[in-house]
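Work through the exercises below with the sequence and the model at hand. Each task is followed by a solution in steps.

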Amino acid sequence: MSQKSLHLRLGIVASLFALFLVFYAIPTYVFSPSNVGNIILSPKFWPYVLAGFTAIIGLGLLFNAVTSATDTPFEDEETGHPEGSAPWIRLGALGVIMVLVMVGLPLLGMVWTAMLAFAACAFLFRTRHPVAAVVCAVIVPLLLYAFFAHVAGVAIPQGEFVRLP
């Protein structure tokens, strides 16, 4: 399979999926009260945003497939992976992280568990920017908590040990 044919197939699937979301799935299955004053807080807003991004990505893949001049084939898949069994070990470690997240959510709460999981995944996949990964692991969950808890008024699950304001 070539890169051009892969982009063409993915573009078609992503575009059709976005159309399915916009015209059938979101209007049928996402319910929104009529008295929502702020459009950002509407339950239908973010699904439509994600469907729009999916459509843009699908159209971008289609455009890339149509306009690319060369048809670059992928490497032979039967050649051995240069890292040996490392991908399987990382996959197992990711499964362990998922189980720890499930166990940690009731004890630590969503924010602290998200921080630890983000940092663990960044180091598991060997980020080239470990300082930025740790900063993002702390800042992103805190900002999301601040928005949802204080702006949107959504209760975020807190842990047993540390409670955020």
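**Exercise 1. Compare the span of α5 with its expected span.**

Step 1. Helix α5 contains 22 residues, and its first and last C-alpha atoms lie 31 Å apart. Helices here are DSSP runs of H or I with at least four residues, strands are runs of E with at least two, and both are numbered from the N terminus.
Step 2. The expected span is 1.5 Å times one less than the number of residues. For α5 this gives 32 Å, and the span in the model is close to that.

The model is predicted: local features need pLDDT of at least 70 and side-chain atom pairs count only at pLDDT 80 or more, while totals for chains, interfaces and linings use all residues. Residues are numbered from 1 along each chain as its sequence is written, and side-chain values use heavy atoms, with hydrogens and water left out.

**Exercise 2. Find the buried residues of α5 and state what they pack against.**

Step 1. Buried means under 20% relative accessible area, exposed over 50%, and partly exposed in between, with a 1.4 Å probe and protein chains only.
Step 2. Ala133, Ala137, Pro141 and Tyr145 of α5 are buried.
Step 3. An α-helix has 3.6 residues a turn, so residues three or four places apart point the same way.
Step 4. The buried residues of α5 pack against α4.
Step 5. After α5 comes glycine 153, with a positive phi near 75 degrees.

**Exercise 3. Describe α4 and its packing on α5.**

Step 1. Helix α4 (residues 110-124) has 15 residues and spans 20 Å between its end C-alpha atoms, close to the expected 21 Å.
Step 2. Its buried residues are Val111, Thr113, Met115, Ala117, Ala119, Ala122 and Leu124, and their cover includes α3 and α5.
Step 3. The axes of α4 and α5 come within 9 Å and cross at roughly 155 degrees. Axes are lines fitted to C-alpha atoms, for helices over the stretch in contact, and angles run from 0 to 180 degrees between N-to-C directions.
Step 4. The two helices are therefore roughly antiparallel; the classes are under 35 degrees for roughly parallel, over 145 for roughly antiparallel, 65 to 115 for roughly perpendicular, and oblique for the rest.
Step 5. The crossing of α4 and α5 is right-handed, a term used if the near helix is turned clockwise from the far one by less than a right angle, with anticlockwise giving left-handed.
Step 6. The contact (heavy atoms within 4.5 Å) involves residues of α4 including Phe118 and Phe123, and residues of α5 including Val134 and Leu142.
Step 7. By class, this contact has 16 nonpolar, no polar and no charged residues. Ala, Val, Leu, Ile, Met, Phe, Trp, Tyr, Cys and Pro count as nonpolar, Asp, Glu, Lys and Arg as charged, and the others, Gly among them, as polar.
Step 8. Just after α4, arginine 126 has a positive phi of about 55 degrees.

**Exercise 4. Is glycine 159 buried or exposed, and which residues does glycine 159 touch?**

Step 1. Glycine 159 is in the segment after α5.
Step 2. Its relative accessibility is 0%, so glycine 159 counts as buried.
Step 3. Leaving aside residues up to four places away in sequence, glycine 159 touches Pro106, Leu107, Leu108 and Gly109.

**Exercise 5. Classify leucine 100 by accessibility.**

Step 1. Leucine 100 belongs to helix α3 (residues 86-108).
Step 2. With 55% relative accessibility, leucine 100 counts as exposed.
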